[in-house]
Structures are given as C-alpha cells and as structure tokens.
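The following exercises ask the reader to work through a protein structure step by step. Please keep the sequence and the coordinates at hand while reading.

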Amino acid sequence: MNAPDRYERFVVPEGTKKVSYERDTKIINAASVTIEREEHTIGNIIRMQLHRDENVLFAGYKLPHPLQYKIIVRIHTTGRSDPMQAYNQAINDLDRELDHLKKSFEV
Amino acid sequence: MPRVKIRELRDDYARFELRDTDASIANALRRVMIAEVPTIAIDLVEIEVNSSVLNDEFIAHRLGLIPLTSDRAMSMRFSRDCDACDGDGQCEFCSVEFHLMAVCRNDETQDVTSSDLISSDHTVVPVDYSESAASIDASDGGGITIVKLRKGQEVKLRAIARKGIGKDHAKWSPAATVTFMYEPEIHINEDLMESLTLEEKKEWVESSPTPVFEIDQVTQQVMVVDAEAYTYDDEVIKKAEAMGKPGLVEINAKQDSFIFTVETTGAIKASQLLLNAIEILKQKLDAVRLSEDTVEADDQFGELGAHMRGG
C-alpha cells in the first residue's frame, strides 16, 4: 500500500539533480558528493578507485537509508588535489579500465 | 589493466576468467548483468476474449515473463523517454506489438504456447528453445506453454512489449544466473603428504565434498585434479587438522583473479550480455561526472552558500 514505484530506484524525478556537491565547512579539502538513484554498483567502484589515488586521504560511500535511493560519497584530499578533481579523475580512470576490458574481450 | 580469457562459450552460456581487476568491478559487472542490461518484454496486454480457465491477469503475467529476443534493446528508447509517440507509449520506435489468437475446436486439449505469439517485428520474437538438447520431453518444439484450452475455449489478445531493466521487474532480466568466484591457489605440502599412508590419503581426498583432489594410480601421490571445483568450504583443512596434520594443504584465493559463469535466458547471447553490461556501466559512470556548473550552483544555492550569504 505504501510501497514506492519500482522505477523510483533509477528514474531521477523532475527538479532533482543527479549529482550534487557539498564542501565540508569545517575541514579543508573535504567534500560530500550526493548521487541520486544509484547504489552499490557505482558507489563501490568509485570508492575503490579513489583509494588507489595517492592524494586521497579518505574515501567512503554510504546509502543513508535503503528506502532512499541515493548514495553519498565522502572524499578528503591532501593539499595537492581537491575532492572534485579526485572524483572526476577516478571516474576517468574507471572509464579507461572498462574500455580496456571491452577491447580485451572482443579479441 | 584487466584481461579476459574465455574458457567456454555457447549461445546462452559463457565461462571466462577476469584477471588483474578488483572485486568491486567484478561485482559491479555481475550486478549490472542481472539488473541493468535492458531487454524487451511484454508490458501491456489488451484482452479481447478469454474463456480459458486462467483469469486475465494470470495470462498477462505469464506473457510478461516470456523471454523475447532483445538484440534491438540497446538501441531502442524507453517508452517514458519517447517523444515520437502520442504519450501512450505504443509507437514503432519504443515498442513492439504482439497478437495471440487461439481457439480450441477439437476434443484434444490445445496447448497455447509462446510460438503462437505473432510479432510485428521479426527481430523481436519469443526465444526458441527447441534446437539444442532434450527436445524429447514436454518442450517438443512447442515453446513455453501460456495456457491450455478445452473445446470451445478461446483466447484473443493484443500485447505491447517495451524496453526495460531487471531493476524494474525481473521479467526484463536477461540473466538466468551470473556468478563469479575467486580463483583458488592450492599448494600441497609434499613432505607432510608423504607421511600419510595410502588409506589416510584416500580418506583425506574423500573428505572434500567436491572432486578437487585425486590419488594418481601409478605414483600413489595426491594430485589436484580440478582446482576450480573447490568451493571454499574448509573441509579438507579441517580433516587435515583432525588427522593431526595441520598445514597439509594451503589454499588461498587469488585476490584479483575471478572466474565468471554467465547463463542467459536466450534474450541476449551470453557474450553480448557481458559487452552490454560494460557499455551500461560506462554510461552510468558518465552520468555521474561532476562539472564546474554543478559545483558552482551548489555553492550558490546549496546550504553552505545560503549560510554564507546570511540566509
């Protein structure tokens, strides 16, 4: 009766942004990225890739509640990089890794 | 950088090794193959006549679960995103129409199957399971049974099939099962093994629920016959300890080597499923990039921005 529609898990409603970024007021070079309508599939690979970056001091993701379909990725970097840069770099690296995987399979 | 080596490849089954990558990527691929690779399945059913023993929604449910060949799915649009149709999600770009007309006129029970579904697009048809193994039993080239009719009973309906993903409803999942396991590395301590009698060796080899080890007839040595049959139950290790020989064998899971087993319903070929999954994963990553404007907007309109402006 109170169950939300299944498409709520992946359809971003009008007016809500898919990705939003909030810098931490109290810690420098720290930020939280909120991604709407995604879960462990994306969250875990981004977190894993961020850990491989040596400029990243802290990287973690969580689902605040299993019935709220979003994830929050928290990133702290050293002075040499900033969270947004680390995040975008991680996504680019993952893209390249998947491209490599695709090529290696097609052969 | 990841490498793939294919072991076995059939139309609906693939077994391959994925090396030099992390468990999170292997798991992401598994999750996407099951829930986010799009397929086509019947989503809307208009029933004109139904005098069968199954009620309307029962038949509609069964129709939805029939796998349809979905090679078109990756290039098709979702009905909700289609701007070509007049809002009812039934145009030629975003959907495929099916008709089913069956009436039983003789005394025998008539089996209405998925092969009786007539498609408006010859590339999207119910999957044909008749060609390979075991066609001697009930599924003798008839397809999936939808409903059985007695003399005089009739079913006449029109169905619309749409693109969807497994996350929305399991009927759209192209995967029957997708599993992966860590590749095991088994080292037998030969010196300790020598100290066992043949009887003890036999007992130890038998203690494994799956046939991982074998005793070579000629040399009376214990050999690893199928390392991948090992299911990471520690039965052989416990048996070795019980026999008073801890450390008899050392089994490690290689942390960056995975063995995938992919079985599909036939809607998409197994090899194509993996390629589509990689494509979908890339699309998802592209959708979550941060751009300068998202950050600026959040600075301006986010909570911090409001706070800084004294709001």
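**Exercise 1. Locate B:D20 and describe its backbone and exposure.**

Solution. B:D20 belongs to the loop between β2 (13–19) and α1 (23–35) of chain B. Here helices (H or I, at least four residues) and strands (E, at least two) are DSSP runs, numbered from the N terminus. The structure is a predicted model, in which local features need pLDDT of at least 70, side-chain atom pairs count only at pLDDT 80 or more, and totals for chains, interfaces and linings use all residues. Residues are numbered from 1 along each chain as its sequence is written, chains are lettered from A and ligands numbered from 1 in the order in which they are written, and side-chain values use heavy atoms, with hydrogens and water left out.

Next, consider the backbone. Most residues other than glycine have a negative phi. B:D20, although not a glycine, has a positive phi of about 60 degrees.

Finally, consider exposure. B:D20 counts as partly exposed because its relative accessibility is 32%; buried means under 20% relative accessible area, exposed over 50%, and partly exposed in between (1.4 Å probe, protein chains only).

**Exercise 2. Summarise chain A, then place A:R37 and A:R52 in it.**

Solution. Begin with the chain. Chain A has two helices and four strands, and along the sequence these follow the pattern β-β-α-β-β-α. Along the principal axes, its C-alpha atoms fill a box of roughly 50 × 50 × 20 Å. Of the 107 residues in chain A, 45% are buried.

Turn to A:R37, found in the loop between β2 (30–36) and α1 (40–51) of chain A. A:R37 is not a glycine, yet has a positive phi of about 60 degrees. With a relative accessible area of 12%, A:R37 is buried.

A:R52 lies in the loop between α1 and β3 (56–62) of chain A. At 45% relative accessibility, A:R52 is partly exposed. A distance of 8.7 Å separates the C-alpha atoms of A:R52 and A:A90, which are 38 residues apart along the chain.

**Exercise 3. Determine the strand order of the open sheet that contains β9 of chain B, and identify its edges.**

Solution. The four strands are arranged in the order β1-β2-β12-β9 (chain B), with antiparallel pairing; two strands pair if DSSP finds at least two bridges between them. The edges are β1 (3–9) and β9 (175–188) of chain B; each has a single partner strand, so one side of each is left without a neighbour in the sheet. On average, neighbouring strands of this sheet are turned by 30 degrees against each other, direction ignored. For this angle, axes are lines fitted to C-alpha atoms, for helices over the stretch in contact, and angles run from 0 to 180 degrees between N-to-C directions.

The pairings can then be examined. β9(B) is joined to β12 (residues 249–264) of chain B by 13 bridges. Opposite B:E183 stands B:K254 in β12(B), and B:H187 has B:E250 as its bridge partner in β12(B). β2(B) pairs with β12(B) over seven bridges, again in the antiparallel sense. In β12(B), B:F260 is the bridge partner of B:F16.

**Exercise 4. Characterise the largest pocket and explain where it lies.**

Solution. A pocket is an open set of points on a 1 Å grid over the protein atoms alone, where a 1.4 Å probe fits, with protein on both sides within 12 Å along at least five of seven lines; lining residues have an atom within 4 Å of a point. The largest pocket holds about 510 Å³ of space; grid points are joined across faces, edges and corners, and a volume is the space filled by probe spheres set on the points.

Its lining has 19 residues, of which A:F10, B:F78, B:R80, B:I165 and B:Q283 lie nearest the centre. Helix α6 (residues 270–287) of chain B gives four residues, the largest share of the lining. By class, nine lining residues are nonpolar, one is polar and nine are charged. Ala, Val, Leu, Ile, Met, Phe, Trp, Tyr, Cys and Pro count as nonpolar, Asp, Glu, Lys and Arg as charged, and the others, Gly among them, as polar.

The largest pocket lies between domain 1 (1–37 + 255–310) and domain 2 (39–173) of chain B, because both give residues to its lining. The domain bounds come from an automatic or database domain assignment.
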